Amino acid sequence: MSERLINILITSFPKIIIPGLAKTIPLTVVSFALALCIAIIVALVQFAHIKILKELARFYIWIVRGTPLLVQLFVVFYGLPGLGIMIPAFPAAILVFSFNEGAYAAETIRAALESVPRGQMEAGYSIGMSYIQIIRRIILPQALRTAFPPLSNEIIAMVKDTSLAANITVTEMFMSTQRIVARTYEPLALYIEVALIYLLFSTVLTKLQHAGEQRLNKMY
């Protein structure tokens, strides 16, 4: 490894990790928080077996899971302006990631809701609780405990998927790396460097996941 390459890696590190902290992490956190809200609503609609709403929820999940995330990004950012709808790059990425992840997380939460024994509902009704109270106080807490590990895996996957936002001009870690590569002509070393930074972020989230699981195990 030449001295020039070492200097490039050292000087590029802050230029890569700062966009990671300023764009990649906020994009992941905000998108996943919104996705979780969408997922809970969609999962509860399916769990309640309200026919029309359930069919709409299934249609949403079918469309989102059946089309590539990259295509969804292009439709929103490059396609909607043809209809006069202009959305800046970062909000467009949040919108797409939220709705995309919401569909996958909805299925995770739906399965977790259905894993709660039906006797829990009957027990709630027997002590005079309403349907909403049973869902909020009994069913949903148990379901979220079951769904926590797969949802944690999904947020880790989302950190890596945010690299696709570079395709709609969001200046996150991957786009920053591409710009440095274009100036220095050192693709191998720089792409390995950004891969290690993604690995670092994913490792931190994995540690948080394990800590969260241990805390939940103590609570329940």
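Helices are taken here as DSSP runs of H or I with at least four residues, and strands as runs of E with at least two, both numbered from the N terminus. The structure above is a predicted model, in which local features need pLDDT of at least 70 and side-chain atom pairs count only at pLDDT 80 or more, while totals for chains, interfaces and linings use all residues. Residues are numbered from 1 along each chain as its sequence is written, and side-chain values use heavy atoms, with hydrogens and water left out.

A good place to begin is helix 4, which covers residues 89-115. The expected span of a helix is 1.5 Å times one less than its number of residues, and for the 27 residues of helix 4 this gives 39 Å, in agreement with the 39 Å between its end C-alpha atoms. Helix 4 nevertheless has a kink of about 25 degrees, centred on Ala-103, where the bend at a residue is the angle between axes fitted to the seven residues ending there and the seven starting there. As for its surroundings, helix 4 is mostly covered, with 19 of its 27 residues buried; buried means under 20% relative accessible area, exposed means over 50%, and partly exposed lies in between, with a 1.4 Å probe and protein chains only.

Helix 4 also carries charged residues that pair with one another and with a residue elsewhere in the chain. Side chains of opposite charge can pair when their charged atoms come close. A salt bridge is counted when a side-chain nitrogen of Lys or Arg lies within 4 Å of a carboxyl oxygen of Asp or Glu, and by this rule there are four salt bridges. One of them joins Glu-107 to Arg-58, with the closest N and O atoms 2.8 Å apart. This pair links distant parts of the chain, since Glu-107 belongs to helix 4 whereas Arg-58 belongs to helix 2 (residues 51-65), and the two are 49 residues apart. Their settings can be stated separately: Glu-107 is buried at a relative accessible area of 11%, while Arg-58 is partly exposed at 31%.

Glu-107 forms a further salt bridge with Arg-110, for which the closest N and O atoms are 3.1 Å apart. These two residues lie three residues apart in helix 4, so they are separated by about one helical turn, and both Glu-107 and Arg-110 are buried. Arg-110 in turn forms a salt bridge with Glu-114, again with 3.1 Å between the closest N and O atoms; because Arg-110 and Glu-114 are four residues apart in helix 4, about one helical turn separates them. Glu-114 is partly exposed, with a relative accessible area of 44%. Taken together, Arg-58, Glu-107, Arg-110 and Glu-114 are linked in a network of salt bridges.

From charged residues we turn to nonpolar ones. Ile-50, Ile-52, Leu-53 and Leu-56 form a nonpolar patch on the surface, with about 400 Å² of accessible area together. Patches are made of residues with over 30% relative accessible area and no salt bridge, like charges being joined within 9 Å and nonpolar side chains (Val, Leu, Ile, Met, Phe, Trp, Tyr) within 5 Å, and accessible areas come from the Shrake-Rupley method with a 1.4 Å probe, only the protein chains shown counting as cover for residues. Within this patch, Ile-50 sits in the loop between helix 1 (3-48) and helix 2, and Ile-50 is partly exposed at 43%.

Aromatic side chains make another set of contacts. Rings of Phe, Tyr and Trp (its six-membered ring) pair if their centres lie within 6.5 Å, with planes under 30 degrees apart counted as stacked, over 60 as edge-to-face and the rest as tilted; the structure holds five such aromatic pairs. Among them, Phe-77 and Tyr-78 are edge-to-face, at 4.9 Å centre to centre and 80 degrees between the planes. Phe-77 is buried at 18% relative accessibility, whereas Tyr-78 is partly exposed at 41%, and Phe-74, Phe-77 and Tyr-78 form one aromatic cluster.

Two loop residues have a notable backbone angle. Thr-169, in the loop between helix 6 (131-161) and helix 7 (173-184), has a positive phi of about 70 degrees although it is not a glycine, and Thr-169 is partly exposed at 43% relative accessibility. Tyr-185, in the loop between helix 7 and helix 8 (187-219), likewise is not a glycine but has a positive phi of about 60 degrees, and Tyr-185 counts as exposed at 67% relative accessibility.
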